[in-house]
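Me: I want to go through the labels on this model one by one. For each, tell me what it rests on.

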Amino acid sequence: MSLPLPRGARLPDRAVWLNGRLVRGDEAALSVFDRGARDGGGLFETLRVYAGRPFAWERHMERMVVSAAELGFPVPPPPGRLREAVDEVLQAGGLADAVVRVTITRGIPGGRPVRSCVWVEAEPVVGRLWPGARLRDPEDGGPAGGRAVLSRTPFVPGLLGRHKTTSRLAWDLAREEARQDGADEALLVSPDGEVLEGSTSNLFVVRAGGDVVTPPLSADILPGVTRAVVLGLCDRLGIFSHEAPVPLEMLRWATEVFVTNSVQEVLPLRDVAGRPVPEREVTLRLLDAYREQVTAVCAAR
Ligand SMILES: Cc1ncc(COP(=O)(O)O)c(C=O)c1O
């Protein structure tokens with residue numbers, strides 16, 4: 001049976017590992033009885049693969065397994081099995097520098113035990129980079145730098161904010177605001193005027209003295225894997241960092257602003273809500289250190 005698609009639309013023809021086997025096109029389908037499809041009852045991880053090796057795999061798996069336990073999901077397949085699935089998908093697509101997504105759902109209710117529906121997919125990284133990360137700065141050769149807008153809808157992340165769930169409509173609508181404005185990212189602002197995170201990234205601000213501030217996890221933001229790596233790098237490089245609320249006012253006076261996620265890495269922002277961000281020195285130091293860590297980890301296996 002083929003899926004009803006709008007005229008001219010085609011399903012991506014890439015191999016997807018679904019519940020234990022590689023499938024393509026129409027076969028990469030979910031049951032309408034699956035709670036992931038019905039209610040957004042899913043968790044996912046998006047991570048980057050460098051030269052065939054996933055970066056920070058253990059951290060991503062830990063976040064997913066902890067969320068699955070906290071939110072009462074069926075026990076997901078062991079990370080070792082998912083890791084094999086990643087290799088199978090990369091091999092089937094002939095991919096080395098890629099973005100991998102691992103998704104688990106709450107499955108179809110009724111059976112004992114209820115099993116997650118699980119799939120793993122991969123895409124070339126080039127198609128996933130935002131212009132600010134993909135294009136080069138002619139002077140220092142680093143990323144051109146992103147533009148961010150402030151989402152117009154006051155944002156309350158709530159219970160799901162600290163889990164990477166597939167219930168993403170609120171975050172996706174904010175991201176849409178960025179797209180409509182030709183920007184790379186939309187920053188989410190609480191009703192009290194605190195900037196929380198990006199629609200798909202964590203936020204960092206560098207203040208005049210060179211110290212780095214990022215909103216605290218107690219604000220129900222996503223505990224980003226890249227955020228944690230960057231905080232570790234700040235310690236290693238002797239850059240003073242702390243987790244504290246970022247009021248809108250702080251953005252206006254920041255010397256540097258950057259966002260982080262597993263795909264875009266450490267992305268300097270050159271413009272936030274129409275205000276040019278004056279510098280990027282600390283950000284580029286952190287980006288260099290991040291890439292060194294990627295090289296060390298992904299080359300050492
Ligand atoms: C809302 C949100 N915050 C932060 C991040 C960054 O997380 P990570 O560094 O684990 O990719 C993401 C990633 O998609 C996200 O969706």
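Reply: Start with the cut-off for burial: a residue is called buried under 20% relative accessible area. The model is predicted. V206 has 1% relative accessibility, so V206 counts as buried.

Me: Where does V206 lie?
Reply: V206 is in strand β10. Its C-alpha is 48 Å from that of P109, with the two positions 97 residues apart in sequence numbering.

Me: Why is N202 called buried?
Reply: The relative accessible area of N202 is 5%. The limit is 20%, and the value is under it, so the label is buried. N202 belongs to strand β10, residues 202-206.

Me: What makes the pair N202 and L222 a polar contact?
Reply: A polar atom of the N202 side chain lies 3.2 Å from the backbone oxygen of L222. A polar contact needs N or O atoms within 3.5 Å, so the distance qualifies. The N202 side chain also has a polar atom 3.4 Å from the backbone nitrogen of G224. That distance is within 3.5 Å too, so it meets the distance limit.

Me: How do you know that R63 is buried?
Reply: R63 has a relative accessible area of 11%. Buried means under 20%, so R63 is in that class. The residue sits in helix α2, residues 57-70.

Me: How far apart are R63 and G224 in sequence and in space?
Reply: They are 161 residues apart in sequence. From C-alpha to C-alpha, the separation is 9.1 Å.

Me: What makes R63 a polar partner of the ligand?
Reply: An N or O atom in the R63 side chain is 2.9 Å from an oxygen atom of the ligand. The limit is 3.5 Å, so the pair counts as a polar contact. V225 has a polar backbone atom 2.8 Å from a ligand oxygen. For R168, a polar side-chain atom is 3.5 Å from an oxygen atom of the ligand.

Me: How much of the ligand does the protein cover?
Reply: On its own the ligand has 390 Å² of accessible area, and the protein covers 95% of that. The space taken by the ligand is the largest pocket.

Me: Which elements give two or more residues to the shell around the ligand?
Reply: They are β9 (194-198), α6 (225-237) and β14 (256-261).

Me: How many residues surround the ligand, and which are the closest?
Reply: There are 17. The closest are K164, E197, V225, T226 and S262. By class, the shell holds 3 nonpolar, 10 polar and 4 charged residues.

Me: How do you know that D211 is buried?
Reply: D211 has a relative accessible area of 14%. That is under 20%, so D211 is buried. D211 is in the loop between β10 and β11 (212-214).

Me: What joins the side chains of D211 and H242?
Reply: A polar contact of 3.3 Å joins them. The limit is 3.5 Å, and 3.3 Å is within it, so the distance fits the label.

Me: Why is P157 called buried?
Reply: P157 has 13% relative accessibility. The cut-off is 20%, so P157 counts as buried. P157 lies in the loop between β7 (146-150) and α5 (169-180). Its C-alpha and that of Y50 are separated by 31 Å, and the residues are 107 apart along the chain.

Me: Why is N19 called partly exposed?
Reply: N19 has a relative accessible area of 48%. Buried is under 20% and exposed is over 50%, so 48% falls in between. N19 is in the loop between β1 (16-18) and β2 (21-23).

Me: What is the phi of N19?
Reply: The phi of N19 is near 45°, a positive value in a residue other than glycine. Most residues other than glycine have a negative phi.

Me: What can be said of the phi of A273?
Reply: A273 is not a glycine, yet its phi is positive, about 50°. A273 is in the loop between β15 (265-272) and β16 (275-276).

Me: Why is A273 called partly exposed?
Reply: Its relative accessible area is 47%. That lies between 20% and 50%, so A273 is partly exposed.

Methods: Residues are numbered from 1 along each chain as its sequence is written. This is a predicted model: local features need pLDDT of at least 70, side-chain atom pairs count only at pLDDT 80 or more; totals for chains, interfaces and linings use all residues. Side-chain values use heavy atoms; hydrogens and water are left out. A residue is near a molecule or strand if one of its heavy atoms lies within 4 Å of it. A polar contact is a pair of N or O atoms within 3.5 Å; within protein, one must be able to donate a hydrogen and the other to accept it, and residues adjacent in sequence count only if both atoms are side-chain atoms. Accessible areas come from the Shrake-Rupley method with a 1.4 Å probe; for residues, only the protein chains shown count as cover. On a 1 Å grid over the protein atoms alone, a cavity is a set of points where a 1.4 Å probe fits but cannot get out, and a pocket is an open set with protein on both sides within 12 Å along at least five of seven lines; lining residues have an atom within 4 Å of a point. A molecule sits in a cavity or pocket if more than half of its atoms lie within 2 Å of its grid points. Helices (H or I, at least four residues) and strands (E, at least two) are DSSP runs, numbered from the N terminus. Ala, Val, Leu, Ile, Met, Phe, Trp, Tyr, Cys and Pro count as nonpolar, Asp, Glu, Lys and Arg as charged, and the others, Gly among them, as polar. Buried means under 20% relative accessible area, exposed over 50%, partly exposed in between (1.4 Å probe, protein chains only).
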